[in-house]
Structure formats: C-alpha cells, structure tokens
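Please open the model in your viewer and keep the selection tool at hand. The stops below say what to select and what is there.

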Amino acid sequence: MANKINSGDSRTRSSVSIFIVAGLCCFFYLLGAWQRSGFGKGDSIALEMTRNGAECNILPNLNFETHHSGEAVDESESKKVFKPCHHRYTDYTPCQDQRRAMTFPRENMIYRERHCVPQEEKLHCLIPAPKGYVTPFPWPKSRDYVPFANAPYKSLTVEKAIQNWIQYEGNVFRFPGGGTQFPQGADAYIDQLASVIPIKNGTVRTALDTGCGVASWGAYLWKRNVIAMSFAPRDSHEAQVQFALERGVPAVIGVLGTIKMPYPSKAFDMAHCSRCLIPWGANDGIYMKEVDRVLRPGGYWVLSGPPIHWKNNYKAWQRPKEELQEEQRKIEEIAKLLCWKKISEKGEIAIWQKSKHADSCRGVRDDSQATFCKVADADDVWYSA
Ligand SMILES: *[C@@H]1O[C@H](CO)[C@@H](O)[C@H](O)[C@H]1NC(C)=O
C-alpha cells in the first residue's frame, strides 16, 4: 500500500520536473527566436501583413524598394544605369513586338509565338510605365477594378461590350466577372464546373486557362484555393494579359502554336478553354496532346463554347451545322485516343477526365492509340517543338 503511494508520489514529482524542464526549453527557444527575428524591425511589415491577412489588405506603405543596405555590394564597381525608353515604348514587349510578329507566317499561329530581337537590335533602356500610372487597388478590389491610366486601352470595352468582359467607368475599368462564356458571372460558371469536378476538397489546386482573355476565370478561382496560370496571345493592339496582370492575376503572353507550352508535364489538375479559339481537333490533335502532357493523371479538361452544344447554337454562332458537328466529332475522337473519359456535357460545357493510369494509354501501340513523339525529356519545354 505504502509502496504504491510512494511510487505515485515520485511519478507526480518526475512529471512536474519534466514539465519545468520542458517549460524552460520552450522559454529559451522562444527567447532565441525573438532575438534572431529582429522583431520590431523589418519584420513588422510581415507581421502586419499576417494580421491583415484575413481581409487580404495590402499595406498602404508597401513599396518595392530594397530594405537591406546592400552590404555585400562593392561601391567601387561601376553601376550600369539604364535610362527610360521613349514614351512610345510603354507597351513594348521585346519578344512579342507586333511589327516583328507580322514578318512571321500566320500558319499555326507561328507569328504569335515568341520572336525575340537579335542582339544588335535590343533596347538598352527601361520600359516606362504608362503616363499617370497609379498603384493598383489592393486585392480583392483589384480583381474587379483597374485604374484606366494603368492600362489605357478601350478597344476591349467596345469589342467585347455585349459579352460583359470589361467596362469603362469614369477613370477605372470594371471587370464584372463576365466572360463570353459566363454571362451570369465567373462564380456561377465555376459553380457549374464544381458540380462535376471536385474543386472544393482540394483535389484540384492548380489550373491552366488557355486563351484566357482578361483572366476572370483564374481571378475567381483564387478564393476556392485554386491557383490558375492563364495565357493568351498578344493581339494586334494590346495584350489582354496586361489587364490580368493589372488585376493581380497570374498570366503570361502565350499561344498554343508549334512549340510546347513552357510548363512541365503533369503540372496541372485542370485545364480550361472557354471560347479560346484553339483548333482542338486540327493537326492530328497536337493541341490536345499538349494539354494531355501538362495534365496530371486523373486531371480534368474543360471545354466550353463552340463546338459544344452546336445543335442549339449554330445559328447564333453563324456557323454551318456540319462544320461544328465535325469539329466536335474530331475532339471526341482524339479524347478517346488519349484515354480521356468524358464525364459531363451539359449545355455548352463539356468535361473530360484524363485516365488515372495515363501511362497505360501509351503502352499499347495499335491503331486505337494516340501516337506520341518520342522525346528524351518531356519536361524539356523551353523553345522545343
Ligand atoms: C474529393 O472528392 C472526390 C469526388 O467526390 C473524391 O473522389 C476524392 O477522393 C475526394 N478527395 C479528398 C482528398 O477528399
């Protein structure tokens, strides 16, 4: 009996001392961390951002100057100073210059691919911001509003007026979250996709928007914890992607042409095209094969707009019924060759899923399989065809 009490006592005592030791460890660890952190100096910004994180506010005092003193830099080294370029270069994108582009073949969108200037033609100046450029609105307001001065092009508001992409209001552009394909707004559209694709539970976290326009799709996926990479080619006037960037949505100028997309294989959970004007059925399906490359096994491909739902819409689209029918037939055929399974077609939205065992699709080589080029490294994507 006494023994039992004793052993109980010593157990209590030893757990108390463990508690004290652990407590001291924690205290000194935190003390060390506090001293190292330089708390109250540079980190106050990070801290404040964390505090404000819930509202996603950007600090009014946020700037992009370097905050370190640059100790390592040898002052005696001659610094190269670049002067601003002439004003007419505000839209200059070196490898996407319209005049240069027009000297390349239009076939297969070659002229919209990257064509960089030779060494001797390179500009050695800084591209100036548009006149009157102001700090963009903080997210999430930037999703819906862009100061006119930051992207002073009204052509889209006229061209896409009925489609509700973008509106000009006073000195700002407003993005109503519309798109050609989402008259009820991007949210309602994404809800439709989410009724088929498990977006909510984390199965889909990365997405690719091919032919993104002003990237409203990507902008509205953000709050569903999906990060989208959007691309669209530069137009003859300006790049639509520029609006996306001003909104704070990741986007690049790009096109599906004759070279690979600059993304590694199996990088995306979902790929999307709404009226993106990519001829999916053409060229033996190379564009769908390229999407297949970047989709992970089990990934989803969304195609909305022509030719889907052609039976109802061919008149509105002012296109021959037979042509649209053939276009869809080809897409379905290529999807089958790639072992994609169509999991939904509702209205103008069709959704396929890439096989979870995608490699088995490449294993057997007979006429019922898609043929892929033999490449040493499928992830070697820079400028490779
Ligand atoms: C998410 O939902 C899908 C479809 O209901 C299911 O197949 C998948 O296993 C779920 N994933 C997780 C991580 O819960």
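pLDDT is the predictor's confidence in each residue, on a scale from 0 to 100. This is a predicted model, so colour the chain by pLDDT before anything else. The chain averages a pLDDT of 81, and 73% of the residues score at least 70.

**Stop 1: the low-confidence stretches**

Select residues 1–8, where pLDDT stays under 50 and the model has zero contacts beyond four places in sequence. Then select residues 37–58. Here too pLDDT stays under 50, but the model has 13 contacts beyond four places in sequence for this stretch. Where pLDDT is low, the predicted coordinates should not be read in detail.

**Stop 2: the whole chain**

Switch to a cartoon view of the chain, which has 12 helices and 10 strands. Of its 385 residues, 38% are buried. Among contacts with a separation of 6 or more, 64% are between residues 24 or more positions apart. Turn on the surface: its accessible area comes to about 23300 Å², and carbon and sulfur atoms account for 57% of that.

**Stop 3: strand β10 and its partners**

Select residues 349–354, which form strand β10. Is this strand enclosed or open? Six of its six residues are buried, so the rest of the structure largely encloses it. In a regular strand the side chains alternate between the two faces of the sheet. In β10, Ile-349, Ile-351 and Gln-353 lie on one side, Ala-350, Trp-352 and Lys-354 lie on the other, and both faces are covered.

Add residues 340–346, strand β9, which runs antiparallel to β10 and is joined to it by six bridges. Lys-346 stands opposite Ile-349, and Glu-345 has Ala-350 as its bridge partner. The two strands form a hairpin with two residues between them. In that turn, click on Gly-347, whose phi is positive at about 55°.

Next add residues 295–304, strand β8. β8 pairs with β10 in the antiparallel sense over five bridges. To find one of these pairings, show Tyr-300 with its bridge partner Gln-353.

**Stop 4: helix α8**

Move to residues 240–247, helix α8. Seven of the eight residues are buried, so this helix is also largely enclosed by the rest of the structure. Show the buried ones as sticks: Gln-240, Val-241, Gln-242, Phe-243, Ala-244, Glu-246 and Arg-247. Just after the helix comes Gly-248, with a positive phi of about 90°.

**Stop 5: the ligand**

Select the ligand and the residues around it: Pro-198, Asn-201 and Thr-203. Draw a distance from the side chain of Asn-201: one of its N or O atoms is 2.4 Å from an oxygen atom of the ligand. A second distance, 3.5 Å, separates a polar side-chain atom of Thr-203 from a nitrogen atom of the ligand. Taken alone the ligand exposes 360 Å², and the protein buries 27% of that.

**Stop 6: two loop residues**

Which residues does Gln-96 contact, leaving aside its neighbours within four places in sequence? They are Arg-112, Glu-113, Arg-114, His-115, Arg-234 and Ile-253. Gln-96 sits in the loop between α2 and α3. Its relative accessibility is 10%, so Gln-96 counts as buried.

Ala-129 is in the loop between α3 and α4. With a relative accessible area of 44%, Ala-129 is partly exposed. Show Pro-84 as well: it is 45 residues from Ala-129 in sequence, and the two C-alpha atoms are 9.4 Å apart.

**Stop 7: backbone exceptions**

Most residues other than glycine have a negative phi, and most peptide bonds are trans. The remaining selections depart from that pattern.

- Trp-139 and Pro-140: the peptide bond from one to the other is cis, with omega near 5°. Pro-140 is in the loop between α3 and α4.
- Pro-306 and Pro-307: a cis peptide bond joins them, with omega about 5°. Pro-307 is in the loop between β8 and α10.
- Ala-215: phi is positive, near 65°. Ala-215 lies in the loop between β4 and α7 and counts as buried at 0% relative accessibility.
- Gln-318: phi is positive, near 55°. Gln-318 lies in the loop between α10 and α11 and is exposed, with a relative accessible area of 71%.

Technical notes
Residues numbered from 1 in each chain as written. Predicted model: local features only at pLDDT ≥ 70, side-chain atom pairs only at ≥ 80, totals over all residues. Heavy atoms only, no water. Buried < 20%, exposed > 50% of the residue type's maximum accessible area, 1.4 Å probe, protein only. Helix = DSSP H or I, 4+ residues; strand = E, 2+ residues; numbered from the N terminus. Pairing = 2+ DSSP bridges. Near = heavy atom within 4 Å. Polar contact = N/O pair within 3.5 Å; in protein donor to acceptor, adjacent residues only side chain to side chain. Areas by Shrake-Rupley, 256 points an atom, 1.4 Å probe, with all protein chains shown as cover. Contact = heavy atoms within 4.5 Å.
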